[in-house]
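Here are a few exercises to work through with the model open beside you. Try each task before reading its solution.

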Amino acid sequence: MIPVILAGGTGSRLWPLSRKDFPKQLMPVLGGRLSLLQATVDRVMKIPGVENPIIVTNEKYRFIIASQLQEMGCDAGRIVLEPMGRNTAPAVAVGAVLALQNSDDADLLILPADHYIENVDAFLESVSSAREFIGDSGLVAFGVVPDKPETGYGYIKRNNDTAVGKSGAGFIIDHFVEKPDLARATEYVSSGSYYWNSGMFMFKAKVFLQELGKFETEMVTCCRQAVEKAKEDLDFLRLDHDAFSRCREDSIDYALMEKTTKGIVVPLDCGWSDVGSWSSLYEIKQRDENGNVSVGDVVLEGATDCYVHSSSRLVAGVGIDNLAIVESQDAVLVSSLDQVQDVKKIVCFLKGAGRKEYESHCKVYRPWGNYESIDTGDRYQVKRIIVYPGQTLSLQKHYHRAEHWIVVKGTAIVTKGDSEMFLTEDQSTYIPLCLVHRLKNPGKVDLELIEVQTGSYLGEDDILRLDDIYGRSGEEASPHGEK
C-alpha cells in the first residue's frame, strides 16, 4: 500500500489564515502541534505494511513539507513537484506511474492533505475493508456517511441496497452528484442511499492507469512522459514542465470515477471533515455553554454561536451571534457563519487587486527559517529573522536597499564581500548597497536577528542570488515573499 497525498491546494476559504504561500494543509488549524498534512501522514503510517507516502505538491511548499516531515521523524518518501496545477486526475496519475516503479502490483490510497478525521480506528477499518474490492480490479471511493444535510459537499449514490464483496462493506456506485441545494441534500440524507464524496480513493495503480487511459489517453501519456523526463533536485522530483503542461486539467471524479463501471463506494463513518470553511471548523471544535468556539486571546460577553480566532492580539466580542471572526496580523475577517463559503469571493478580489494579503502572511517561511515584517514606512522596513541551526541563506546582493543586522540570540557567520565575520548576541553589522553577502547559523539553536532595510525600493524581488544551497539561484523572486 502506497499512500499518494495531494498537498498542492491553496485553501482559500480559510483566509485570512490560509494564504497562497502558506495554505491550510501546512498549518495546525485544529490546534495542537501537527499541521493537517502531518496529521494525514501520521494516520496513514498506522496502516499495516504501508510504504512511505508519495506527496504531490508544488514548488512553493516543497521545503516546508520536507521540514514538517523531518520534524515528525518521518521518512519523506518522495515529494513530487508539479510545474503547474492540473487538478487531481493528473496528480494521481503521476503517483500511479511512480508507484509502479516500486511494484507492478502496487495498491494506492489517495488522500487530500487537508482533511480531519476524528476516529482514526474507524478510518483504518474502512481502508482494510476496501482492499478486497481493489483485488477484483475495483476502483474504490470512500463515501462519508452523512449526519446532516450538507450543501458544501458533493454526493455519491449507491445503485441499490445490496452490499457487494465477502464482507458486505461496499456498494456499486450509481452516480456522482454535484453540491445540492438544502432541499435536495435533505432528500439525499433521508434516503440512506447517498454518501458525501470525501475525495479519498483506493485502487491498484495499474488498474487506475488502464481505466483512466480509456477516457483520457492523452492525460496518461503526458503523465508518463512527465515522470520519465523528471529531474531529481535535492530530495524532490521535478516533473517535466512541457509534458505535464500538456495534461488536460481535470478532477479524478470527472476524468474517471463518473465514467467507469468499476466504481465501488465503501462507507466511511469516522467523524470526517474536509476543513473547507470556518463553519466546518466551528463544527469540529468544542464549544462553550453559549455555543461559542474561541481560539487564542479572545474575550466574549453576551455572544452566542460564534467562531472567534485570534492570532496576534486580543479580540473582544459583545452581543454578537452566528459570526465568524478571524484575526491575523495583517487582516481581519468578519462573516456570518452561514455565508463563510463566500470568503473565496474576497480572496478573488484581493488577487485581482494585487494585494499581498492574498498571497502571503507577515511571517514568511523559507527553507532556512522564516522572517516576519515588524514595521514598514517610507524608505525603511524592519524584519525579525529566524535562521534554523546549520542553515544558510543564499549568497546575494541588492541594488536598491542597504541592510543593518542586529543579533538578538545565537551566533551568525556573515559573509561580506571577500571576508567573513562572527556575530554573537548584541552585535551588529551593516550591508551596503550592491555588496555581496550571506548569512549562516553555525550553532545548534535558532539564530534570531533584527534586520533594518533602508533604500528607495524594498520589495523582495530586489535580489540577485549568486549561489544557493537550496537550488533557488535561477528562481524569479516575487515582490512579496523571497529572501
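**Exercise 1. Backbone oddities**

In which loop is Pro16 found? Then work out which residues other than glycine have a positive phi.

Solution. Before we start, a word on the model: it's predicted, so local features need pLDDT of at least 70 and side-chain atom pairs count only at pLDDT 80 or more, while totals for chains, interfaces and linings use all residues. Residues are numbered from 1 along each chain as its sequence is written, and side-chain values use heavy atoms, with hydrogens and water left out.

Step 1. Pro16 sits in the loop between β1 (2-6) and α1 (36-44). Helices here are DSSP runs of H or I with at least four residues, strands are runs of E with at least two, and both are numbered from the N terminus.

Step 2. Check the bond leading into Pro16: the peptide bond from Trp15 is cis, and its omega is near 15 degrees.

Step 3. Now for phi. Leu234 has a positive value, near 55 degrees, and lies in the loop between β10 (231-233) and β11 (236-238). Arg379 is another non-glycine with positive phi, at about 70 degrees, and its loop runs between β21 (369-377) and β22 (380-387).

Step 4. Leu234 is partly exposed, with a relative accessible area of 48%. The cut-offs: buried is under 20% relative accessible area, exposed is over 50%, and partly exposed is in between, using a 1.4 Å probe and protein chains only.

**Exercise 2. Salt bridges**

How many salt bridges are there, and which parts does the pair Lys356 and Asp330 tie together?

Solution. Step 1. Start from the idea: side chains of opposite charge can pair when their charged atoms come close. The rule used here asks for a side-chain nitrogen of Lys or Arg within 4 Å of a carboxyl oxygen of Asp or Glu. By that rule, the count is 29 salt bridges.

Step 2. Take Asp42 and Lys46, whose closest N and O atoms are 2.9 Å apart. Asp42 is partly exposed at 34% relative accessibility, and Lys46 is partly exposed at 45%.

Step 3. Next, Arg238 and Asp233 form a salt bridge, with 2.6 Å between the closest N and O atoms. Arg238 is partly exposed, at 24%, whereas Asp233 counts as buried, at 16%.

Step 4. Lys356 and Asp330 meet at 3.8 Å, N to O. Lys356 is in helix α12 (residues 356-359) and Asp330 is in the loop between β18 (323-327) and β19 (332-336), so the pair ties together parts that are 26 residues apart in sequence. Lys356 itself is partly exposed, at 36%.

Step 5. Finally, look for a network: salt bridges link Asp105, Asp107, Arg131, Lys204 and Lys206.

**Exercise 3. Helix α3 and its partner**

Is α3 mostly covered or mostly uncovered, and at what angle do the axes of α3 and α7 cross?

Solution. Step 1. Helix α3 (residues 88-102) has 15 residues and reaches 22 Å from its first C-alpha to its last, close to the 21 Å expected. That expected span is 1.5 Å times one less than the number of residues.

Step 2. α3 is mostly covered, with eleven of its 15 residues buried. Among them are Val92, Val94, Val97 and Leu98.

Step 3. Two packed helices are described by the angle between their axes and the distance between the axes. The axes are lines fitted to C-alpha atoms, for helices over the stretch in contact, with angles from 0 to 180 degrees between N-to-C directions. For α3 and α7 (residues 217-228), the axes come within 9 Å and cross at roughly 55 degrees. That makes α3 oblique to α7; under 35 degrees would be roughly parallel, over 145 roughly antiparallel, 65 to 115 roughly perpendicular, and the rest is oblique.

Step 4. Contact means heavy atoms within 4.5 Å. On the α3 side the contact residues include Ala89, Pro90 and Leu98, and on the α7 side they include Met219 and Val227.

**Exercise 4. Around Leu237**

Is Leu237 buried or exposed, and which residues does Leu237 touch?

Solution. Step 1. Leu237 is found in strand β11 and is buried, at 5%.

Step 2. Leaving out residues up to four places away in sequence, Leu237 touches Arg78, Ile79, Val80, Leu81, Leu98, Ala230, Lys231 and Glu232.
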